[in-house]
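Pull up the model and give it a slow turn before reading on. We'll go from the overall fold to single side chains, and then to the empty spaces.

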Amino acid sequence: MTGDERRRQLGDNDAPVEEEIEESFDRIVEEGAQRLARSWTTMLITGTFGGLEVGVGVMAYLAVMHQTQNHLLAGLAFGIGMVALLLAKSELFTEGFLVPITAVAAKEASVSQLLKLWGATLVMNLVGGWIFMWIVVQAFPDWKPELEDAALYFVEAGFTWQSVCLAVLAGSTITLMTRMQHGTDSDVAKMAVAVADGFILVGLQLFHSVLDSLLIFGAIHAGVQIDYMDWLGWFGYTVLFNMVGGLLLVTALRLVRNKELIRERRENAPEDPDAAR
């Protein structure tokens, strides 16, 4: 008896993987297909909300940094923003790797839909975050030193191996968070994962293209001597290596792990993923 036959004999399902993995895979594909089927208007609005809501976490981070000057404590506070994204069903650009790509791989959505999601979400995350940080700076002008320190940390880092690795780790961390949240039905567990992810991303000062852009925007609004070209120089390589981390270290490996399930879904999928079901 082969290992796969033995697993089928012991398990409660006939799929080539454990039942929990199959259920998680089905949730990911169905959610990914739904997200990719959104209209342009819905994607733009959802992306804007994502920028606004993650800004709440940035505001909490700055408040704790102002009082304690401790990155780890401030990182815990930032978790509020990740919980807000989770419960409000908003969209953050780097959350759009594992779930929608799995739906595309299963032929439940198209590549053009994926590119539309990525483009709309990234642009509107930045727009929403820019607006929110302008409001924060007007409300809390005393936070200028914290904004300056944070912004200079990123824009003065330069394109080094350390910067690349910090961006790769940020992309892989938030994509892993997405996978963990789809592995459970418990809202409490999902929120715990969100807080932990915020702690790692911000407490360890990883390079995240959207989250850290908000800090740089806030510094610009506050009058710190940096400009949008400084931001763009940092943002260009950061967003690229966020994608490398999320796509290669997490998404690609999960697709290989679930290749049998993907093949089964593709066999039952229509020729044109955009066609009406």
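What share of the 277 residues in the protein chain is buried? Buried residues come to 52% of the chain. Keep in mind that what you're looking at is a predicted model.

Let's start with the fold. The protein chain has twelve helices and zero strands, so if you walk along the sequence you simply read α-α-α-α-α-α-α-α-α-α-α-α. The radius of gyration of the protein chain is 20 Å, close to the 19 Å that the globule rule gives for 277 residues, so the chain is as compact as a globular protein of that length. Along its principal axes, the C-alpha trace spans about 65 × 35 × 35 Å. Now look at which parts of the sequence meet: among contacts with a separation of 6 or more, 80% are between residues 24 or more positions apart.

A good place to go inside is helix H5, residues 98–105. Why call H5 largely enclosed by the rest of the structure? Because eight of its eight residues are buried. They are Leu98, Val99, Pro100, Ile101, Thr102, Ala103, Val104 and Ala105. What do these buried residues pack against? Their partners are H2, helix H6 (111–139), H8, H11 and helix H12 (259–268). Just after H5, have a look at the backbone of Lys107, which takes a positive phi of about 65 degrees.

One of those partners, H8, brings us to a single threonine. Thr178 sits in helix H8, which covers residues 161–181. With a relative accessibility of 5%, Thr178 counts as buried, because the cut-off is under 20%. Where does its side chain reach? The side chain of Thr178 gets to the backbone oxygen of Ile174 at 3.2 Å. That partner is in reach of a simple bit of helix geometry: an α-helix has 3.6 residues a turn, so residues three or four places apart point the same way. Leaving out residues up to four places away in sequence, Thr178 touches Glu95 and Val99, and Val99 is one of the buried residues of H5.

A second threonine makes a nice companion. Thr46 belongs to helix H3, residues 40–68. Is Thr46 buried or exposed? Its relative accessible area is 12%, so Thr46 is buried. Its side chain reaches the backbone oxygen of Thr42 at 2.7 Å. Setting aside neighbours within four places in sequence, Thr46 is in contact with Arg38, Lys89, Ser90 and Glu91. Hold on to Lys89, as we'll come back to that residue.

Now for the empty spaces. Rolling a probe the size of a water molecule over the atoms shows where empty space is left. How many cavities of 30 Å³ or more turn up? The count is three. The largest cavity has a volume of about 80 Å³, and its lining is made up of Ile21, Ser24, Phe25, Ile28, Leu98, Thr102, Arg179, Arg254, Leu255, Asn258 and Ile262. Helix H2 (19–36), helix H5 (98–105) and helix H11 (228–257) each give two or more residues to that lining. H2 gives the most, with four residues. By class, the lining has six nonpolar, three polar and two charged residues. Leu98 and Thr102, both buried residues of H5, are among the lining residues.

The second largest cavity has a volume of about 50 Å³. Lining it are Tyr61, Ala150, Phe154, Leu201, Val202, Gln205, Leu206, Asp212 and Leu215. At least two residues each come from helix H7 (144–155), helix H9 (187–203) and helix H10 (211–221). The lining splits into seven nonpolar residues, one polar and one charged.

Finally, turn to the largest pocket, which has a volume of about 460 Å³. Of the 19 residues that line the pocket, which are the closest to its centre? They are Glu31, Arg35, Leu86, Lys89 and His182. Here is Lys89 again, the residue that Thr46 contacts. H2, helix H4 (71–88), H8 and H9 each supply at least two residues of the pocket lining. By class, that lining has five nonpolar, five polar and nine charged residues.

Technical notes
Residues are numbered from 1 along each chain as its sequence is written. This is a predicted model: local features need pLDDT of at least 70, side-chain atom pairs count only at pLDDT 80 or more; totals for chains, interfaces and linings use all residues. Side-chain values use heavy atoms; hydrogens and water are left out. Buried means under 20% relative accessible area, exposed over 50%, partly exposed in between (1.4 Å probe, protein chains only). A polar contact is a pair of N or O atoms within 3.5 Å; within protein, one must be able to donate a hydrogen and the other to accept it, and residues adjacent in sequence count only if both atoms are side-chain atoms. Contact means heavy atoms within 4.5 Å. On a 1 Å grid over the protein atoms alone, a cavity is a set of points where a 1.4 Å probe fits but cannot get out, and a pocket is an open set with protein on both sides within 12 Å along at least five of seven lines; lining residues have an atom within 4 Å of a point. Grid points are joined across faces, edges and corners, and a volume is the space filled by probe spheres set on the points. Ala, Val, Leu, Ile, Met, Phe, Trp, Tyr, Cys and Pro count as nonpolar, Asp, Glu, Lys and Arg as charged, and the others, Gly among them, as polar. The radius of gyration is taken over C-alpha atoms; the globule rule is 2.2 Å times the number of residues to the power 0.38.
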